[in-house]
Each structure stands twice: as structure tokens, then as C-alpha cells.
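Me: Please take a close look at one part of this model for me, and set it in the context of the whole chain.

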Amino acid sequence: GVAFALQSMVLDIFSGVVMDLERPYDIKDWIKFGDYPEGMVTKIGARVTTIVTMDNKTIYIPHGKLAQNPFTNFCKPSRPHWDQVTIGLDHVVPVD
């Protein structure tokens with residue numbers, strides 16, 4: 001009963017500290033976790049991360065669950081990606 005609830009709360013808080021150090025996601029990142037719908041991170045609290053889905057539903061995910069299960073962050077690829085783009089303009093193009 002009470003011991004299990006405390007254990008869960010301590011796990012969520014400790015996981016929140018670890019995730020704050022590792023920073024696997026930030027505010028405004030788009031994440032997908034388990035069976036939850038994907039959404040944008042709007043708040044990272046001491047115990048839970050809050051996401052808002054495309055249909056404007058708010059979901060609270062405990063840090064303990066996020067720390068123990070894989071999730072996808074669509075805003076942070078696994079490797080950096082840069083593209084170089086060259087843009088050429090004719091000298092006759094007006095500046096306005």
C-alpha cells in the first residue's frame with residue numbers, strides 16, 4: 001500500500017533528476033512513449049513530464065515510466081545531421 005506508493009514516488013523523483021542531467025528531451029520536443037499518443041513536451045516537472053497531443057489532449061507521464069521504457073524523440077536524431085545548401089541569385093534581382 002503506502003510503501004509501494006512511496007517507492008513509486010521516490011523512483012519518479014530520482015528518475016526526474018537523472019533525466020534532467022541526461023536531457024533526452026526538452027520543452028517543445030515531440031516524443032512518442034509506449035502506447036501513449038505522441039505529443040509535444042510542454043512541462044518537465046519533478047515527478048512527471050507533460051505532453052500535449054495533436055488533438056490537444058494533455059498527458060502526464062511519470063518519470064519512472066519514461067526512465068524504464070524506451071521512447072522516441074522526433075526532435076533529437078541519433079546522429080547530428082547538417083546539409084550545406086548553395087543559393088545563387090542573379091545580380092538583377094531587386095533588393096526590396
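What percentage of the 96 residues of the protein chain count as buried? And which residues of strand β4 belong to its covered face, and which to its uncovered one?

Reply: The model is a predicted one, in which local features need pLDDT of at least 70 and side-chain atom pairs count only at pLDDT 80 or more, while totals for chains, interfaces and linings use all residues. Residues are numbered from 1 along each chain as its sequence is written, and side-chain values use heavy atoms, with hydrogens and water left out.

Of the 96 residues of the protein chain, 22% count as buried, where buried means under 20% relative accessible area, exposed over 50% and partly exposed in between, with a 1.4 Å probe and protein chains only. The chain has two helices and five strands, in the order α-β-β-β-β-α-β along the sequence; these elements are DSSP runs numbered from the N terminus, helices being H or I of at least four residues and strands E of at least two. About 7500 Å² of the protein chain is exposed, and carbon and sulfur atoms supply 60% of that area, as computed by the Shrake-Rupley method with a 1.4 Å probe, for which, in the case of residues, only the protein chains shown count as cover.

To place β4, one begins with the sheet: five strands form an open sheet in the order β4-β3-β2-β1-β5, with antiparallel pairing, where two strands pair if DSSP finds at least two bridges between them. Strand β4 (58-62) is an edge strand, as is β5 (71-73), and each pairs on one side only. From one strand to the next the twist averages 40°, taken between axes that are lines fitted to C-alpha atoms (for helices over the stretch in contact), with angles running from 0 to 180 degrees between N-to-C directions.

The partner of β4 is β3 (residues 48-53), and the two are joined in the antiparallel sense over five bridges. Within this pairing Y60 in β4 is the bridge partner of T50, while P62 stands opposite V48. The hairpin of β3 and β4 has four residues between the strands, and N56 takes a positive phi near 65° there, although N56 is not a glycine. N56 counts as exposed because its relative accessibility is 63%.

As for the faces, in a regular strand the side chains alternate between the two faces of the sheet. In β4, I59 and I61 form the covered face, whereas T58, Y60 and P62 form the uncovered one.

Both isoleucines of that covered face belong to the largest nonpolar core, whose nine residues are M19, Y25, I31, F33, V41, I51, I59, I61 and L66; such a core is a set of buried Ala, Val, Leu, Ile, Met, Phe, Trp, Tyr and Cys residues joined through side-chain atoms within 4.5 Å. The elements that give two or more residues to this core are β4 and β1 (30-33). One of the core residues, L66, is in contact with I61 and also with M19, Y25, F33, T49 and F71, leaving aside neighbours within four places in sequence, where contact means heavy atoms within 4.5 Å. Across the protein chain, residues 24 or more positions apart account for 45% of the contacts with a separation of 6 or more.
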